Amino acid sequence: MRILHTSDWHLGRSFHRVNLLDAQRAFIGHLVRTVRERQVDVVLVAGDVHDRAVPPLGAVALFDEALHRLADLGVPTVMISGNHDSARRLGVGAGLIDRAGIHLRTDPAGVGTPVVLADAHGDVAFYGLPYLEPALVREELGAARAGHTDVLAAAMDRVRADLAARPAGTRSVVLAHAFVTGGTASDSERDITVGGVAQVPAAVFDGVDYAALGHLHGCQTITERVRYSGSPLAYSFSEADHRKTMWLLDLGAGGTLTAAERIDCPVPRPLARIRGRLDDLLRDPALARHEDAWVEATLTDPHRPDEPMARLAERFPHVLSLVLDPERSPQDPLASYATRLRDRSDQEIAEDFVAHVRGGLAADDRERGILTAALDHVRLTESSEEAGAR
């Protein structure tokens, strides 16, 4: 069975101040052509179809267009909700749409009920695991604790139980939206940390032939059978070096992956990150290749230059982002502070603050637990408010 694995469309998202709806429409057209020309048997969309719970009308219209074009191909599509989606909104009409071959899986209660498709080698069961917010689905799934690993493990127990009851030789594919250990994140993914831990081990997906993952925006292979397709477009400058693709996979007899190919997605405009003093950036001939790119410029001038964006735009008309990172001596207290904060989590920063105001006395286990609970409460409140809007 030939599978096209994609995810993280984020319909309705902009890139800084640039509207990406036309670029997203071009991707949908590319997806449809790929399905037709490469004789794809099933399309998988592993979450974050929309960029927010209540998407703009243009994004809703593009989603509707995508569903119609996929249904017209007569090729089944299995789609799950991600942490950016409103599961209830995305799942409206799922029963009716199912008849057209578009299988929306947004309800955690249905994780053990697959979409079953067949080819010359027999049945393939596709299990859709929508994004599972631990505190909201723990009771539904009977998880031991409200953690990402716990709820995904409980969901996978239902998957394996259903699979065990099916005829011998039934192959299996899981769609999931999660941060799996070994994956590399970018700046454009929303934090899903719970209890200071966001990542789950790849072993949670043991027992199935392929896990089609969404959430991380870079295409990557965690194991041969556990992969991220990544987003079809770049949504932050941290993705400047990404090659945006979809996975085209052949699932053979016995669940063997007989082929795995990356299909490139259309690039509306290249990204470039440049760094240096303003005058150097304006003169450097090596930067000529970036003059038509979307540019993020980091200025290292010791003092802010006059009208830096306007001057940059004279050479780089598509400059979108300006970062000021003045050169400082190692003795400069601002330099050492920035170094301490770099790549640290909210939990680590909060614990550092406690130690700072107490003259170096670090938080104990009880206090770390209080900080973790407070950070989780803020994130869960945001998720609950979004769920209320659904």
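**A cavity, three domains and one buried valine**

The lining of the largest cavity holds eight nonpolar residues, two polar ones and no charged ones. This is a predicted model, and the cavity is a good place to enter it.

How many cavities of 30 Å³ or more are there? The count comes to one. The space inside the largest cavity is about 50 Å³. Its lining is made up of Leu129, Pro130, Tyr131, Leu132, His148, Val151, Leu152, Ala176, His177 and Ala178. Two elements each give two or more residues to that lining: helix 6 (148–164) and strand 9 (171–177). Which of the elements gives the most? Helix 6 does, with three residues.

Now step back to the whole chain. The domain assignment splits the chain into domain 1 (2–264), domain 2 (271–324) and domain 3 (333–389). Between the C-alpha centres of domain 1 and domain 3 the distance is 31 Å.

Next, pick out a single residue, Val32. Val32 sits in helix 1, which runs over residues 21–37. Is Val32 buried or exposed? Its relative accessible area is 4%. Buried means under 20%, so Val32 counts as buried. What does Val32 touch, leaving aside residues up to four places away in sequence? Its contacts are Arg69 and Leu73.

One last distance starts from the same valine. Val32 and Gly254 are 222 residues apart along the chain. Their C-alpha atoms are separated by 28 Å.

Key:
Residues are numbered from 1 along each chain as its sequence is written. This is a predicted model: local features need pLDDT of at least 70, side-chain atom pairs count only at pLDDT 80 or more; totals for chains, interfaces and linings use all residues. Side-chain values use heavy atoms; hydrogens and water are left out. Helices (H or I, at least four residues) and strands (E, at least two) are DSSP runs, numbered from the N terminus. Buried means under 20% relative accessible area, exposed over 50%, partly exposed in between (1.4 Å probe, protein chains only). Contact means heavy atoms within 4.5 Å. Domain bounds come from an automatic or database domain assignment. On a 1 Å grid over the protein atoms alone, a cavity is a set of points where a 1.4 Å probe fits but cannot get out, and a pocket is an open set with protein on both sides within 12 Å along at least five of seven lines; lining residues have an atom within 4 Å of a point. Grid points are joined across faces, edges and corners, and a volume is the space filled by probe spheres set on the points. Ala, Val, Leu, Ile, Met, Phe, Trp, Tyr, Cys and Pro count as nonpolar, Asp, Glu, Lys and Arg as charged, and the others, Gly among them, as polar.
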